[in-house]
Amino acid sequence: MTEIAIPRLKLEHIYKSFPGVQAVSDVSLNVYGHQILALVGENGAGKSTLMNIVNGVVPLDSGKIYLDGQLVSIPSPRRALELGITMIHQELALIPELTVGQNIFLGREPRRWGIGVDWKRLYAQAQRELDRLGIEVSAQATIADLSIAQRQLVEIAKALSYNARLIALDEPTSSLTSRETDTLFRLVRSLREEGVALIYISHRLEEVFELADRIAVMRDGHLVAVGNASEFTPAEVVRLMVGRELAEFFPKVPAKRGEPVLKAVNLKAGREVRGVSLELHRGEIVGLAGLVGSGRTNVARLLFGADRLEGGEIWFEGRQVHLRSPQDAIRLGIGLVPEDRKAQGLFAGQSVRYNAGAGLIQRLSRWGFIRFQAVNRIVRELVERLRVRTPHLNQKVRNLSGGNQQKVIIARWLGLNPRVLILDEPTRGVDVGAKAEIHALMSELAAQGMAILMISSELPEILGVSDRILVMREGRIVAELSREEATQDRIMQAATGQL
Amino acid sequence: MSQTRSSHLATFDRRAFFQRFGLVFSFLLLMIVLSALSERFLTPSNLMNVLRQATINGIVSVGMTIVILTGGIDLSVGSVLALSVTVGASLMKQGQPVAWAVGVALGTGTLLGVVNGLMITRAKIPPFIATLGMLTVARGLTLLYTQGQPITGLPAEFRWIGTGVVAGIPMPVILSLAVFALGWIFLTRTKYGAQIYLLGDNPTAARLAGVPTDRMTVLVYAISGFCAALAGLVLVARLDSAQPIIGQGYEFNAIAAVVVGGTSFSGGEGGLAGTLLGALLIETLNNGLNLLNVSPLWEQVVKGVVIALALLLYKVFSPPSK
């Protein structure tokens, strides 16, 4: 890679504080064209804030931004777009009801005679752009009908149609399958060839090392290291991110397998679940692997009473049970940490107390009155035990970082002492430090006799944490592997049907 | 991803401060302005008058707050009020015991609320549409029931609810303060209150956290119906007249008090302390406009503008959406 003299983006001494927080502190960083810069750091390290500054979403307190050597100010996202800066967010910004073409040209549709949209031209132009990038999506397709991966690719096409010179991608692969990730990577690489400067934010270090030319590490608002990717090892990057050595990625305490707690016999529900039987024992962690859409989440929801069962039986501690709602499952002692933290787990505007204590405040009440003392005591213990970083229990949970939010949701269940805990993608979008803590916690809970079912798309996580691994494909369990016999290849073969 | 970390920096959070006390300041400001413009404003009798006027809307607003906290809305309060009180009043005219008539009136309001709740949870009709339907149906039933005639000449023991004075404080004021206090305890101290906040914040997550979401939804509309009926009884007792068109437009004043009081339309944020101030603020404004002899033609406009301004202030000081 040849070094280009003038950086596409040059940040000088950027500072930004929010009430109570120094989010970005004295960050100076160069981003060059023809290069992919990976920006890594734990949740709350300041990466998103930095990107929001560059995209005009939040104003900076002090510092200078140069674009191709020119001093610029970016007061709004619109200005950023005009300057050729775009960001592809974790939460996609497409309008689901509109078509791909409409989304790409939103607000600047080609006009016919100054009035009315020239739809023919719009779709032709959009399709040309998609084809050029090798994105196999019709410009006339409605966004809602596309997969998350396809939507992401459409966002990139949209960004490029603005002649983007700098594209930041924030955790783009967190909900993609490995094949979709490959497509995305191919596109990202071809953009690099075209001279675009790319900033790639990710928690997945494998991806960072596969893709990045340079790596920048942030911690507590500071830029703690930046250099060519070849100068780093993954272990070093982790150490820089968390500021301490992590003993092991997936600490695993072997636990004794006890008697069965939860048994599912031939569960059926729609096309997603076509006859699933499984058994969970006390003291074991069962990993449920499979591609996105293989029915893993549906099984979890059935076991939790969140969806209606169309066939099959669920047995809990030797008795057949009929779960009509999550309440029924909770009463028995089953907990679910859902897949989508924001949409299904968090009460963003409520306090840590209400979030971690959501179950407790319902259970610990006398004549309807909440026993706040008891709730506070337990929530405080849990917050300490899980090392949730929060100034106080009245803090609104939206102000916590992703990892801490996830811990709060896990705490919600621990407070109820469940017999069975189902965790759906427990570490998605969670930084490495919190991830290791969550894994350690899971094996501790199993050792105390809890039965745990963990769904994960990350194979290293499945392999590292599980005592036993079930693989799903097209609504059925197609393989059961012990910890010893499981490998990434065997799981993938079973999940993709190449067994 | 959030920017806030656990470190404590001693920065003054202007936004949080304004959110919490902005309404108090606006209220005080309004009081000062009105005292300066009219010497009649800051007299005990006028202030008591403001309080008395605020009670009806105040009671309706308590129910409305609880509904809006779940992310819903109840447009039917005015009509529910009307049907409840005309039923109650006609029972009294027939010579039925006052307590029985009052009970039936409150029961009618509650029942209509339950119907609202069932339309929303069972038939999956959006709250706006369901309660809009109830608004017309209940008003229509009221007109049919009364044949368009007002019911007057009610028993004195009933009228005491609206005209009585205990320890120098009018009954309506005592009643509405009691409703506010009970509502506040319900929302902040009971598990049902907590469930309402969770439901309003994120219904999907609430269901997965074991909140009986359908039951809570029916409950909040029932409470709103009850409050509307109670407010109506107080009003009828004071006026000694149950007009079939009573309560028309009350939904507007109640929603205004709730929203000016800082409860978010998207649910899960706000509470009754704000609503109390909101109801007082709106009534003070009404009173001020009267004292200053502002033409009633202008009144509505001024009220609307002031409410819009209050909301604008909140917008400025509310946390940025992420």
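**Two chains and their nonpolar cores**

Chain A has an accessible surface of about 21,000 Å², and 48% of that area belongs to carbon and sulfur atoms. This value, like the others below, comes from a predicted model. Chain A contains 18 helices and 24 strands. Its radius of gyration is 24 Å, close to the 23 Å given by the globule rule for 499 residues, so chain A is as compact as a globular protein of that length. Along the principal axes, the C-alpha atoms of chain A fill a box of roughly 70 × 50 × 50 Å.

Within chain A, 59% of the 499 residues count as buried. Of the contacts between residues at least 6 apart in the sequence of chain A, 66% join residues at least 24 apart. Chain A carries 63 positive and 57 negative charges, and the mean positions of the two sets are 6 Å apart.

Chain B is built from 13 helices and four strands. The radius of gyration of chain B is 20 Å, close to the 20 Å that the globule rule gives for 322 residues, so this chain is as compact as a globular protein of that length. The C-alpha trace of chain B spans about 70 × 55 × 40 Å along its principal axes. About 14,500 Å² of chain B is exposed, with 68% supplied by carbon and sulfur atoms. Buried residues account for 52% of the 322 residues in chain B. In chain B, 77% of the contacts with a separation of 6 or more are between residues 24 or more positions apart. There are 19 positive and 11 negative side chains in chain B, and the centres of these two sets lie 7 Å apart.

The next topic is the interior. The largest nonpolar core has 156 residues, and among those with the most contacts inside it are A:Leu303, A:Phe304, A:Ile452 and B:Phe158. Helix 10 of chain B, residues 213-239, gives the largest share of this core, 14 residues. A second, separate core has 38 residues, including A:Val117, A:Leu133, A:Val137 and A:Ala164.

A:Phe304 can be followed further. Leaving aside neighbours within four places in sequence, A:Phe304 is in contact with residues including A:Leu323, A:Pro326, A:Ile334, A:Trp413 and B:Leu208.

A last example is a residue of chain B. B:Asn46 lies in helix 2 of chain B, which covers residues 44-69. Its relative accessibility is 8%, so B:Asn46 counts as buried, the cut-off being under 20%. Apart from neighbours within four places in sequence, B:Asn46 is in contact with B:Arg40, B:Phe41, B:Asn287 and B:Leu291.

Technical notes: Residues numbered from 1 in each chain as written. Chains lettered and ligands numbered in written order. Predicted model: local features only at pLDDT ≥ 70, side-chain atom pairs only at ≥ 80, totals over all residues. Heavy atoms only, no water. Helix = DSSP H or I, 4+ residues; strand = E, 2+ residues; numbered from the N terminus. Rg over C-alpha atoms; globule rule 2.2 N^0.38 Å. Buried < 20%, exposed > 50% of the residue type's maximum accessible area, 1.4 Å probe, protein only. Contact = heavy atoms within 4.5 Å. Areas by Shrake-Rupley, 256 points an atom, 1.4 Å probe, with all protein chains shown as cover. Lys, Arg positive; Asp, Glu negative; His and termini not counted. Charge placed at Lys NZ, Arg CZ, Asp CG, Glu CD. Core = buried A, V, L, I, M, F, W, Y, C linked by side-chain atoms within 4.5 Å.
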